[in-house]
Amino acid sequence: MTQPGVAQHPDEFLMEQPRVLQLPDESLISIMRYLHYKDIISVSHLCHRFHELCMDDSLWKWQCQHYFMEDSCPDGLSWREHFVNWFRDFGKYKNYVAIKTAWNQIEAFLKENCSRLHHCLNVGLSEEDIDKEEERFTFQLPEDFRLSYRIHNGQDHTRLGRGLLGSVTIHTLLETEFLLPLQHCGEFIKGSLRFSVNTTGERSGQAIACTNYQQLKRGTVFYVQDGLYSYEEQRQMSIPYYEMDVSFKDWLCSYAEELTQKQYFLQDEHIFRFCHEPSSVVTSHGITVKPTSMFVPALSRPNTNFFIYRIIMEMAPDVPSSLSCRLVTRHWVITNGDGSTETVNGEGVVGEFPVMKPGSKYFWISCTTFNTLHGTMHGHFMFRNLTTGEAMRVECPPFHMTAMQLKELTVTASDMDTLLQQGDHSPAYHLHSADMGEGDSVSDEDS
């Protein structure tokens, strides 16, 4: 018997384990399906029988499915050959499954809910295409970012005025954010690449740090707004930015998961990224009120965090018609993160006085700002019964709004020159609320 810790020759191992060789081929193949592809290759060198078994195509079909999420094999190729081809093309990407899964989730969501937006996804780039684009920069792209563009080269922003990364609407403004093709991505300050753009600002959007720069670590995704850094006469300044995520993989996977869970409001194939707290729902007099909100970095400024909220009111179909009523007034209590409170009272909502009857639904969008990172709103609405004229108080539960921490980069004159040259690759879209379609109301009444 070999001493513990002493390596065995494969032949010695097989001689000491005769029961393994006595197993039928089907059993051995079933066992080897649990092996890593590197281990399958190692096992194939143990003996002639194992070599033959390791060539079984069912082993490599499982490897294709597990490592590259490939469920079909091209005609004329074995699964092993198919695996070898995929490995040569994508084997160097350690997060392939995570990135591919995220894109599969995004595609499935778009197919079901935003077919026109799905058709605007560009096919992926080859390694050679990305190498060619990379020559424009003074840095190499992070692996996860590069892999994402192998799968989809952003979106065709010339065909549809709807950004893959979501939209914002308030009052007469409709802003949407595009995921840019790599050839339209522009270098942003030192060692960073801007990969998205908003319609309201040619330099607004998200960027990825491709090198370590000050407190930004390579791979970090961050957001910078247009208008905060366009002072060309300054030779040195600070650029405010919001850190979105620590890696592109985390950023993409989080967004894909949020879409899959159907957290967001959709209208006319715009994705509005309102978030709802599960506990923030109240029913009064047969009317259910559900508030949702979103932080808008593009419209925020230092010490002014901008939030948009959407209030949904529904009266269930089985509610007695005697509870039908009309909204008369609104009453809000707005609390800053430092505890200071403000009250807002007014007639109607967004200039309207909606009538609620069994089966009816009404929503509106408004906005507010906080000079702190956190804020809370709650309140109530006074209705008047259509039959009796009786006053009815309908509660709106508290909902919380949290902003991302604003950080700063110190930019030198040379970095500023690079930054000011960016923006000419941005799509020239300036949308208006008319693009939203009918049935919505937007206002800045409570700003």
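Start with the open sheet of four strands: its order is 11-12-13-17, and the pairing is antiparallel. This is a predicted model, so keep that in mind as you click around. Color strand 11 (282-284) and strand 17 (361-370) first. These two stand at the edges with a single partner strand each, so one side of each has no neighbour in the sheet. Turn the view a little and check the twist: on average, neighbouring strands here are turned by 25° against each other, direction ignored.

Now zoom in on one edge. Strand 12 (residues 287-295) runs antiparallel to strand 11, and three bridges join the two. To see one of them, select threonine 283 and look across to strand 12, where its bridge partner is threonine 288.

Next stop: strand 6. Select residues 205-209 and ask how many of them are buried. It's five of five, so to speak a strand that is mostly covered. Strand 6 has antiparallel company. Strand 4 (residues 192-194) is joined to it by three bridges, and strand 7 (residues 221-224) by four. For landmarks, pick serine 192, which stands opposite alanine 209 of strand 6. Then pick glycine 205, whose bridge partner in strand 7 is valine 224.

While you're in this area, show the side chains of Leu193 and Phe195. In the largest nonpolar core, which has 60 residues, these two touch the most other members. Helix 8 gives this core its largest share, seven residues. Apart from this core lies another one, of 46 residues; Val168, Phe295, Ile365 and Val394 are among them.

Helix 8 spans residues 96-113, and it leads to the next selection, helix 6. Select residues 57-68: that is twelve residues, reaching 16 Å from the first C-alpha to the last, close to the 16 Å expected at 1.5 Å a residue. Which residues of helix 6 are buried? Show Leu59, Trp60, Gln63, Cys64 and Phe68. Look down the axis of helix 6 and you'll find the buried residues within an arc of 140°, so they line one face of the helix. As background, an α-helix has 3.6 residues a turn, so residues three or four places apart point the same way.

What do those buried residues pack against? Bring up helix 3 (25-32), helix 4 (37-43), helix 5 (48-53), helix 7 (79-90) and helix 8 (96-113) to see the neighbours. Before leaving helix 6, step past its end to methionine 69, which follows the helix and has a positive phi, near 55°.

From there, hop over to helix 7 and select glutamate 81, which lies in it. Is this residue buried or exposed? Neither, quite: glutamate 81 is partly exposed, with a relative accessible area of 37%. Add aspartate 57 to the selection and draw a distance between the C-alpha atoms: the two are separated by 9.3 Å, although they sit 24 residues apart along the chain.

Finally, zoom out to the whole protein chain. Its secondary structure comes to 13 helices and 20 strands. Of its 447 residues, 48% are buried. Take the contacts between residues at least 6 apart in sequence, and 65% of them join residues at least 24 apart.

Methods. Residues are numbered from 1 along each chain as its sequence is written. This is a predicted model: local features need pLDDT of at least 70, side-chain atom pairs count only at pLDDT 80 or more; totals for chains, interfaces and linings use all residues. Side-chain values use heavy atoms; hydrogens and water are left out. The expected span of a helix is 1.5 Å times one less than its number of residues. Buried means under 20% relative accessible area, exposed over 50%, partly exposed in between (1.4 Å probe, protein chains only). The arc is that of the directions from the helix axis to the C-beta atoms. Contact means heavy atoms within 4.5 Å. Two strands pair if DSSP finds at least two bridges between them. Axes are lines fitted to C-alpha atoms, for helices over the stretch in contact, and angles run from 0 to 180 degrees between N-to-C directions. A nonpolar core is a set of buried Ala, Val, Leu, Ile, Met, Phe, Trp, Tyr and Cys residues joined through side-chain atoms within 4.5 Å.
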